[in-house]
Amino acid sequence: MEFKYYVQEYAKKRADSILPVPKNYPLRGDFKPNFYSDFSELTELLKRIYIDVAENPAAYGCDLYPLDNEMRGKGVDNESNLSLDRTVKYLRTLCDCAEIENHTLKVKTELFKKQVKKIKRHFAIAEKLKAFNFCFQESEDNTYLLISYPNKPTIIDVLKIYMDCWNEVLNDEYIKSEIKKNGYGCIAYYYNFYLFDYKTTANPKKLEPMQIIKDDTYTWDERCQQTYISFYEYSKKYPTIRSYGRDYYIGKKRIGTLRYDANHEFLNLKLKLKNPDKYISEIEKLPENLQSCFSNDVKKCWGCGCLGNNPDMCSNRIYWKFSSVEYIGCSMESFYFNGIKSEDIPRLFSLLEYEYSIKKSN
């Protein structure tokens, strides 16, 4: 399929990223025994919807920004994703305004009308949901909108459970305490709401961390998956480092982020280093593939004064001297290690040891 618009790329990516639902995992509530299989069917339905969006985004009222690499990163990415969010937001609004009765969402019409106004072009979404066999009916007294799914009535039950679980995630005292200590990055599945991630319905205290790590690499090639897992396992040697999905923290400070480049099938690591000149002798011992971001590929300071800093006295500006050349870079952007491999991991953590004065546990 050839794509004309950004939103088509993103819709296909979402469809491909929807995780299979495990046959057994610790649930957030006391759900019925058929929950696992029913929820799996719901995720498959969402996948079909995203594929349909990729084929015909205009029918869903999506924002149609033509594919243009020069425009990437200038707002079209964000706007395209926001327009893609609307279908799941519409389903959530239905659920938030409803109670379940006989496998039917009994939606309070007046409340729903007020809430749905926040979703652009929601009439288009309703029509597409009808095309996917959702049934919309008015109650006899017109006070309720009744939503059912005749092909599989229990789909409505698990949809309501999922949305209720999401509301619990946002208000869960355990998760709120983790957010307070470590920031929003600590919720590894926070941004997967629009993929119907099964972990939203799970008990967060009983989820295995390695399961979250493996889920995060679901669409990656095998070599990068293994490097990602090895990076996580090595991080456990340092008591002060905590991982939350692809981000690594010391306290609330994010010190590193891993990203997968699907086009080139390699793994990138961004490290936040503010004092490279203090351990430049160690940097000079790194293999050539890890040295380049300190010299050839360094992202230089452009005097932008980001985050409200004075461009002339920016606290993110950093200085170092490498191979007799003086550099001025940015601690927010400078150090990207491209195509890292498992054998690079100990050396990369040694940089963090020097930068943050951390030590391995005995």
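This passage walks through the overall make-up of a predicted model, one of its sheets, its cavities and a glycine in a loop.

The model is a prediction, so local features need pLDDT of at least 70, side-chain atom pairs count only at pLDDT 80 or more, and totals for chains, interfaces and linings use all residues. Residues are numbered from 1 along each chain as its sequence is written, and side-chain values use heavy atoms, with hydrogens and water left out.

The chain has twelve helices and eleven strands; these are DSSP runs numbered from the N terminus, with at least four residues (H or I) for a helix and at least two (E) for a strand. Along its principal axes, the C-alpha trace spans about 80 × 45 × 40 Å. Of the 362 residues, 49% count as buried, that is, under 20% relative accessible area, whereas exposed means over 50% and partly exposed lies in between (1.4 Å probe, protein chains only). Among contacts (heavy atoms within 4.5 Å) with a separation of 6 or more, 66% join residues 24 or more positions apart.

A good place to begin is an open sheet of five strands. Its order is E5-E6-E7-E8-E11, and the pairing is antiparallel; two strands pair if DSSP finds at least two bridges between them. At the edges stand E5 (241-244) and E11 (336-338), each of which pairs on one side only. On average, neighbouring strands are turned by 20° against each other, direction ignored. Within this sheet, E7 (residues 253-261) and E8 (residues 266-271) are joined in the antiparallel sense over six bridges, and Tyr260 stands opposite Leu267 in E8.

Two helices pack on the sheet. Helix H9 (residues 222-235) touches E5, E6 (247-250), E7 and E8, and its direction makes about 30° with that of E8. Helix H12 (residues 345-356) touches E5, E6, E7, E8 and E11, with a direction at about 10° to that of E8. For these angles, axes are lines fitted to C-alpha atoms, for helices over the stretch in contact, and the values run from 0 to 180 degrees between N-to-C directions.

Next come the empty spaces. Rolling a probe the size of a water molecule over the atoms shows where empty space is left. Here a cavity is a set of points, on a 1 Å grid over the protein atoms alone, where a 1.4 Å probe fits but cannot get out; lining residues have an atom within 4 Å of a point. Grid points are joined across faces, edges and corners, and a volume is the space filled by probe spheres set on the points. A search of the whole structure finds two cavities of 30 Å³ or more.

The largest cavity holds about 40 Å³ of space. Its lining includes Phe231, Tyr248, Gly256 and Phe349, and E7, E8 and H12 each supply at least two lining residues. By class, eight are nonpolar, one is polar and none is charged; Ala, Val, Leu, Ile, Met, Phe, Trp, Tyr, Cys and Pro count as nonpolar, Asp, Glu, Lys and Arg as charged, and the others, Gly among them, as polar. The second largest cavity, of about 30 Å³, has eight nonpolar lining residues and no polar or charged ones. Helix H2 (residues 35-55) gives the most to this lining, with four residues.

Finally, Gly61 lies in the loop between H2 and H3 (76-96). This glycine is buried, with a relative accessible area of 8%. Not counting residues up to four places away in sequence, Gly61 touches Arg86, Arg121 and Ala124.

Notes: 1 Å grid on protein atoms, 1.4 Å probe; cavity = no way out; pocket = protein on both sides within 12 Å on 5 of 7 lines; lining within 4 Å.
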